[in-house]
Amino acid sequence: MIELREASFVARSATGETRVLAPHTLDLAEQRIALIGPNGSGKSTLARLLNGLILPSSGTVRVRGLDTRRDGPEVRRLVAFAFTNPAAQLVMPTAIEDVALSLRRTHRRAADRLHAAEAALERFGLGELADRSVHALSGGQQQLLALAGVLATDPAILVADEPTTLLDLRNTRLVTELLLGLPQQLVVATHDLGLAARCERVLVVDDGEVALDSAAAGIEPADAVRWYEERP
Ligand SMILES: Nc1ncnc2c1ncn2[C@@H]1O[C@H](COP(=O)(O)OP(=O)(O)OP(=O)(O)O)[C@@H](O)[C@H]1O
């Protein structure tokens, strides 16, 4: 369960303050939750608040009772974050080394790490790519590899920020099915309304506010998506 209590985000710069996200109180308990909304509405900001990548300017964000401000490292172990651009997340030369890097805290011995990395790659259908350069992989393979890396440590929750935006149709389908089949709780910011409609809860974010929450409104996620699509 992720709990936001009057959590807001105000961006501060030399020229002043910009309210990016109004104060929100939300209990996020569903297995799969989608954040949808126009460009610049605040989806990524809301997603980043959930694992402490950014801290609320006011209020609190708690994950299973842990406060993102007070318990940052523990929260980040519980909540993995997948970025839109997998290249930003892949830092090692080969696929297997990259996944092994994610495991450096949980597997101290190099041999154990490589073994666990191999298993993680197999799980995502990437076993044959283990020794390939990460730069030689397709966009879809890179996104799958980045997900294999963040999920290898078995987090409780995955927050994904537009994980299919850079992918073609085939890879979008591949990554979508993988995300929707995960045992972890998933919170996904997305422009893919088909993916959103298949989640258990949809939050429509607009101008830093949750304009519609399917759970609070007592409507089906698909109806929340339709409401968003049909808005003027
Ligand atoms: N640190 C910051 N400083 C200034 N402005 C910011 C900061 N973070 C976010 N913003 C602004 O807040 C708004 C919301 O940004 P955010 O990235 O959360 O939107 P989004 O809904 O994810 O957009 P997109 O769909 O385009 O990715 C944007 O106008 C963005 O420029």
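# Helices, sheets and a ligand shell

The crossing of α3 and α4 is right-handed. This model is predicted. Work through the exercises with the structure in view.

## Exercise 1: α3 against α4

Find the angle and the axis distance for α3 and α4, then name the arrangement.

Step 1. Locate the second helix. α4 covers residues 110-123.

Step 2. Take the geometry. The two helices pack at about 110°, and their axes are 8 Å apart.

Step 3. Name it. Angles of 65 to 115 degrees count as roughly perpendicular. Therefore α3 is roughly perpendicular to α4.

Step 4. List the contact. From α3 come Ala95, Ile96, Val99 and Ala100. From α4 come Arg113, Leu114, Ala117, Glu118, Ala120 and Leu121.

Step 5. Sort by class. This contact has eight nonpolar residues, two charged residues and no polar ones.

## Exercise 2: α3 against α5

Is α3 roughly parallel or roughly perpendicular to α5?

Step 1. Place the helices. α3 spans residues 95-102, and α5 spans residues 139-151.

Step 2. Take the geometry. The angle is about 30°, with 7 Å between the axes.

Step 3. Apply the cut-off. Angles under 35 degrees count as roughly parallel. So α3 is roughly parallel to α5.

Step 4. Add the handedness. α3 crosses α5 in the right-handed sense.

Step 5. Find the residues that meet. In α3 they are Ala95, Asp98, Val99 and Ser102. Their counterparts in α5 are Leu145, Ala148, Gly149 and Val150. By class, the contact of α3 with α5 has five nonpolar residues, two polar and one charged.

## Exercise 3: α5 against α6

Describe the packing of α5 and α6.

Step 1. Find α6 at residues 169-180. Its angle with α5 is about 15°, and the axes lie 9 Å apart.

Step 2. Classify. The angle makes α5 roughly parallel to α6. The crossing is right-handed.

Step 3. Name the contact. Gly139, Gly140, Gln143, Leu144 and Leu147 of α5 meet Asn171, Leu174, Val175 and Leu178 of α6.

Step 4. Check the classes. The contact of α5 with α6 holds five nonpolar and four polar residues, but no charged ones.

## Exercise 4: the six-stranded sheet

Give the strand order of the open sheet of six strands, and identify its edges.

Step 1. Write the order. It is β6-β7-β8-β3-β9-β10, with mixed pairing.

Step 2. Mark the edges. β6 (79-82) and β10 (209-213) each pair on one side only.

Step 3. Note the turn. Neighbouring strands are turned by 20° against each other on average, direction ignored.

Step 4. Look at one pair. β6 and β7 (residues 157-161) are parallel and share four bridges. Val79 has Ile157 of β7 as its bridge partner.

Step 5. Add the helix. α1 packs on this sheet and touches β3 (32-36), β6, β7, β8 (185-189) and β9 (201-206). The directions of α1 and β8 make an angle of about 150°.

## Exercise 5: the four-stranded sheet

Trace the open sheet of four strands from edge to edge.

Step 1. The order is β2-β1-β4-β5, and the pairing is antiparallel. The edges are β2 and β5 (66-67), each pairing on one side only.

Step 2. Take β1 (residues 2-13) with β2. Nine bridges join these antiparallel strands. A hairpin through two residues connects β1 to β2. Ala11 stands opposite Thr18, and Arg12 is opposite Glu17.

Step 3. Take β1 with β4 (residues 58-63). These strands pair antiparallel over five bridges. Arg5 has Thr60 of β4 as its bridge partner.

## Exercise 6: the ligand shell

Which element gives the largest share of the shell around the ligand?

Step 1. List the shell. The ligand is surrounded by Ala11, Thr18, Val20, Gly37, Asn39, Gly40, Ser41, Gly42, Lys43, Ser44, Thr45 and Ala189.

Step 2. Assign elements. β2 (16-28) and α1 (43-50) are the elements that give two or more residues.

Step 3. Pick the largest share. α1 provides it, with three residues.

Step 4. Sort by class. The shell has eight polar residues, three nonpolar and one charged.

Terms used
Residues numbered from 1 in each chain as written. Predicted model: local features only at pLDDT ≥ 70, side-chain atom pairs only at ≥ 80, totals over all residues. Axes fitted to C-alpha atoms, helices over the stretch in contact; angles between N-to-C directions. Parallel < 35°, antiparallel > 145°, perpendicular 65-115°, else oblique. Left-handed = near helix turned anticlockwise from the far one by under 90°. Contact = placed C-beta atoms within 7 Å. Nonpolar A, V, L, I, M, F, W, Y, C, P; charged D, E, K, R; others polar. Near = placed C-beta within 6 Å. Pairing = 2+ DSSP bridges.
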